[in-house]
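Please take me through this structure in the viewer, one selection at a time. Tell me what to select next and what is there.

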Amino acid sequence: MRPDVDTTSVKVGDEIPPLSTPPISRLTLALYAGASGDHNPIHVDLDFARYHGMDDVFAHGMLASAYLGRMLTNWLPQDALVSFGMRFVAISHVHDELSCSGKITERFEEAGEQRARLELSVVNQHGETKVVGDAVVRLEP
Amino acid sequence: MIDPSFIGFRLPVHTQLVEAGRLRFFAQAIGETNPVYLDEDAARAAGWRSLPVPPTFLFCLDMERDNPYDYMDTLGIELGKVLHGEQHFSYHQVACAGDRLTFDSRITDIYQKKAGAMEFVVRETAVFRETGKQEPNRLADLRSIIIIRHR
């Protein structure tokens, strides 16, 4: 499967289509806990979170990562993805509205393929950065 | 302080069957709208063997082992103090529903910052796809960094 979008003209500085997501609710966290298999109570059990010094439950870092993944696979088919990394710089809280964006930072040839590197970020509705990441995609076979 | 002699510690290897229903549940939980991740017919029409495993779900499949917090228990880490610091994936192929995947993890680094107020544990996981042939197929490599907060 090759990208069904024209990637020949992709250039440094281009932004890929962003992704906005609805506010994180406690239901979002409950469903993500069940679906992801990460049952760490810090994300769903207020008593546990408070006992460990947090004011409230908070989102799994990998929920924001999954949103970044959605943005990438909305842009290109998943087999274009060579690598994908993320650093969790701040906790995402209940009621945060996360927006994902990605920008091309490099085009290069590797393993006989045209590839591009992207810089990724997740910010909330107040412009606070929650996750920074990077990805490498193959543009052409 | 976490005993640095755990660097090199290998976790029990485990194998997971990728279930289509679980992939749909995950897709719904993350608000996925791309039909390729929700509808097997759409997935096949796009050329996939079945529903593809989305990019971050390999991390979740690795948590399907008997106790996903096993290495934290072994290293004496209290779960309530743990934050996810970083996560990285390198992909060699895409897994699909029906695949059986084997996860082989090692602790590859343990270090601290801020005079021990924060400790870091790095775990690297090789993921293989069973093919029925002798040689397992390398599917992906994961690297996970957790942070242990001390007050």
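Start in chain B and select Lys114(B), which is found in the loop between E3 and strand E4 (118–129) of chain B. The model is a predicted one, and the backbone angles here are worth checking. Lys114(B) has a positive phi of about 50°, although it is not a glycine. Most residues other than glycine have a negative phi. Is Lys114(B) buried or exposed? Lys114(B) counts as exposed because it has 8 C-beta neighbours inside 10 Å, and the cut-off for exposed is 12 or fewer.

Now select Ala115(B), whose place is also in the loop between E3 and E4 of chain B. Its phi is near 50°, again a positive value in a residue other than glycine. Ala115(B) has 7 C-beta neighbours inside 10 Å, so it counts as exposed.

Go back along the chain to strand E3 (residues 100–113) of chain B, which runs antiparallel to E1(B) and is joined to it by four bridges. To see one partner pair, select His14(B) and Phe103(B): Phe103(B), in E3(B), is the bridge partner of His14(B).

Next, show the strands of both chains. How many strands form the open sheet? There are 10, with antiparallel pairing, and their order is E1(A)-E3(A)-E4(A)-E5(A)-E2(A)-E2(B)-E5(B)-E4(B)-E3(B)-E1(B). At the edges are strand E1 (19–20) of chain A and strand E1 (14–17) of chain B, each of which pairs on one side only. Then add H3(A), which packs on the sheet. This helix touches E1, E2, strand E3 (99–110), strand E4 (113–123) and strand E5 (129–140) of chain A, and also E2 of chain B. The direction of H3(A) makes about 30° with that of E5(A).

Move to the place in the sheet where the two chains join. Strand E2 (residues 81–88) of chain A pairs with E2(B) in the antiparallel sense, over five bridges. Select Phe84(A) and you will find Phe89(B), in E2(B), standing opposite.

Widen the selection to the whole contact between the chains, which takes 35 residues from chain A and 31 residues from chain B. On the side of chain B that touches chain A, the elements that give two or more residues are helix H1 (20–29), helix H3 (57–62) and strand E2 (82–91) of chain B. Which of the elements gives the most to this side of chain B? It is E2(B), with eight residues. Colour this side of chain B by residue type, and its residues divide into 16 nonpolar, 10 polar and five charged.

Now look at the interior. The largest nonpolar core has 63 residues, and those with the most contacts inside it are Tyr67(A), Leu68(A) and Leu58(B). H3(A) gives the most to this core, with eight residues. A second, separate core has five residues, among them Tyr71(B), Val121(B), Ile146(B) and Ile148(B). Return to Leu58(B) and show its surroundings. Leaving aside neighbours within four places in sequence, Leu58(B) is in contact with Val53(B), Phe89(B), Val127(B), Ala140(B) and Leu142(B).

Turn to chain A and select helix H1 (residues 26–36). Which residues of H1(A) are buried? They are Thr28(A), Leu29(A), Tyr32(A), Ala33(A), Ala35(A) and Ser36(A). An α-helix has 3.6 residues a turn, so residues three or four places apart point the same way. The cover over the buried residues of H1(A) includes helix H3 (61–75) of chain A, together with H1 and H3 of chain B. Just after H1(A), select Gly37(A), which takes a positive phi of about 85°.

Zoom out to all of chain A. Its secondary structure comes to three helices and five strands, and from the N terminus on the elements run β-α-α-α-β-β-β-β. The C-alpha trace of chain A spans about 55 × 30 × 20 Å along its principal axes. Of the 141 residues in chain A, 38% are buried.

Last, colour by confidence. The mean pLDDT of chain B is 95, and 100% of its residues reach 70 or more. Within chain B, confidence is lowest in helix H4 (residues 70–75), at a mean of 90, and highest in H1(B), at 98. The model scores ipTM 0.95 and pTM 0.95.

Key: Residues are numbered from 1 along each chain as its sequence is written. Chains are lettered from A and ligands numbered from 1 in the order in which they are written. This is a predicted model: local features need pLDDT of at least 70, side-chain atom pairs count only at pLDDT 80 or more; totals for chains, interfaces and linings use all residues. Two residues are in contact if their C-beta atoms, placed from the backbone, lie within 7 Å. Ala, Val, Leu, Ile, Met, Phe, Trp, Tyr, Cys and Pro count as nonpolar, Asp, Glu, Lys and Arg as charged, and the others, Gly among them, as polar. Two strands pair if DSSP finds at least two bridges between them. pLDDT is the predictor's confidence in each residue, from 0 to 100. A residue is buried if 20 or more other C-beta atoms lie within 10 Å of its own, exposed if 12 or fewer, and partly exposed in between; C-beta atoms are placed from the backbone. A nonpolar core is a set of buried Ala, Val, Leu, Ile, Met, Phe, Trp, Tyr and Cys residues joined through C-beta atoms within 7 Å. Axes are lines fitted to C-alpha atoms, for helices over the stretch in contact, and angles run from 0 to 180 degrees between N-to-C directions.
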